[in-house]
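Me: Please take a close look at one part of this model, the place where two of its domains meet. I would like one connected account rather than a list.

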Amino acid sequence: MEALKELRTEIDQLDRELLQLFAKRLELVRKVGEVKHRQGLPIYVPEREAEMLQARRCEAEKMGVSADLIEDVLRRLMRESYTRENQFGFKTVNPAIKKIVIVGGKGKLGGLFARYLTESGYAVCALGRTDWAQAEQILSDADVVIVSVPIDKTVETIERLQPYLKPNMLLTDLTSVKRAPLAKMLEVHRGAVVGLHPMFGPDIASMAKQVVVRCDGRYPEQYAWLLEQIQMWGAKVYQVDAAEHDQSMTYIQALRHFATFANGFHLSKQPIQLAKLLALSSPIYRLELAMIGRLFAQDGALYADIIMDKPENLAVIESLKQSYEESLKFFENGDKQGFIDCFNQVREWFGEYSEQFLKESRQLLQQANDYRHG
């Protein structure tokens, strides 16, 4: 026991030294943030990150240290670093923009963009649901109008803006559906129009590595600065046609959210206690429960709007029901080989992504297990 105590004392001392090194590294990150702010450089540079990680992995292997361990530690440090670099604000890409109005700017997502735009040196005003009596005053002299309201209110809100829009204004939205809002913006506004869809929620710590979808509308040269500004925050801008976007969202959002809701709904009706499930769960089941629970920690109206957005969503969800029924038949009929054959067909469809997802999920499972208590 005495020998173990001495070893633990040495470990504790090394941990304190590690803390000092982490603090020193984060201080260097702070200085990097200052330089990036002065020079107008983006927060996230993928080439630099990839080169640094590869170099550290090689060095770790030469020292007999797990390369995966070092990459895990560095990725967590870099995530903290991106958050810290935000504190200095960002370069103002277009100083000619004097006023930005966010319709719904008092909401969570609108508030997030208001904060980033303010930190980029722009004057930002919010037009909330109770502010329409002052809409003319709030929208006067605006250079940019951003619509960030619930899905079911987006088209009517865009329509409501029409009397206040001027040809020199840029009109955009942050809605998770794009075809109808983009068409309505093009209908009511003669100036520049672009549809945006941030592929993240308002609870992110940093825009680094996040994706913002861009659906072009009219006069792209007049909103190129906004796309550059978003990239300055560290996000990737992905261009796609509005119709293609909405088709993809049927699977990325509507189908997934419905399946998650149905799983949670089903569990809630079973004679089980969630605490006991967690106590007995494997890391992967705990992660699945976490993703289900995450849905129910948020706004039900948002998910209802996403699922009910268009008839195609319900058609795909109906096909999910059919797939459940077909899958169940393998076991009702005792058809083990039929299940295996179907399993292998799906594996072929996933192709090389299966191995990629296996590697990515392994990291998530390890983290889920690390945070387990008791």
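Reply: What follows describes the contact between two domains of the chain and then sets it against the rest of the chain.

The model is predicted. The domain assignment divides the chain into domain 1 (1-88), domain 2 (99-240) and domain 3 (245-334). The part examined here is the contact of domain 2 with domain 3, whose centres, taken over C-alpha atoms, are 31 Å apart. Domain 2 brings 13 residues to this contact and domain 3 brings 11 residues.

The size of an interface is often expressed as the accessible area that is lost when the parts come together. For domain 2 and domain 3 the buried area is about 890 Å², and carbon and sulfur atoms account for 54% of it. On the domain 2 side, 42% of the area buried against domain 3 comes from Ile 151, Val 177 and Arg 179, more than from any other three residues.

Arg 179 also takes part in a salt bridge: its side chain meets that of Glu 312, at 3.4 Å from N to O. Side chains of opposite charge can pair when their charged atoms come close. Across the interface of domain 2 and domain 3 there are two salt bridges by the rule used. The count of residue pairs in polar contact between these two domains is four, with both residues at pLDDT 80 or more.

Two elements, helix 6 (151-161) and strand 6 (211-218), each give two or more residues to the side of domain 2 that touches domain 3. By residue type, that side of domain 2 divides into seven nonpolar, four charged and two polar residues.

The UniProt record, an unreviewed entry, places "domain: Prephenate/arogenate dehydrogenase" at residues 98-361. That span is 56% helix and 13% strand, and its end C-alpha atoms lie 45 Å apart. The record also carries the annotation "domain: Chorismate mutase" for residues 1-89, again from an unreviewed entry. Residues 1-89 are 83% helix and 0% strand, with 52 Å between the end C-alpha atoms.

As for salt bridges in general, the rule gives a count of 19. One of them joins the side chains of Glu 34 and Arg 30, at 3.2 Å from N to O. Both residues, Glu 34 and Arg 30, lie in helix 1 (residues 2-39), four residues apart, or about one turn of the helix.

Conventions
Residues numbered from 1 in each chain as written. Predicted model: local features only at pLDDT ≥ 70, side-chain atom pairs only at ≥ 80, totals over all residues. Heavy atoms only, no water. Domains from an automatic or database assignment. Contact = heavy atoms within 4.5 Å. Buried area = accessible area lost by both parts, 1.4 Å probe. Salt bridge = Lys/Arg side-chain N within 4 Å of Asp/Glu carboxyl O. Polar contact = N/O pair within 3.5 Å; in protein donor to acceptor, adjacent residues only side chain to side chain. Nonpolar A, V, L, I, M, F, W, Y, C, P; charged D, E, K, R; others polar. UniProt positions renumbered as here; feature names shortened; annotations may be inferred.
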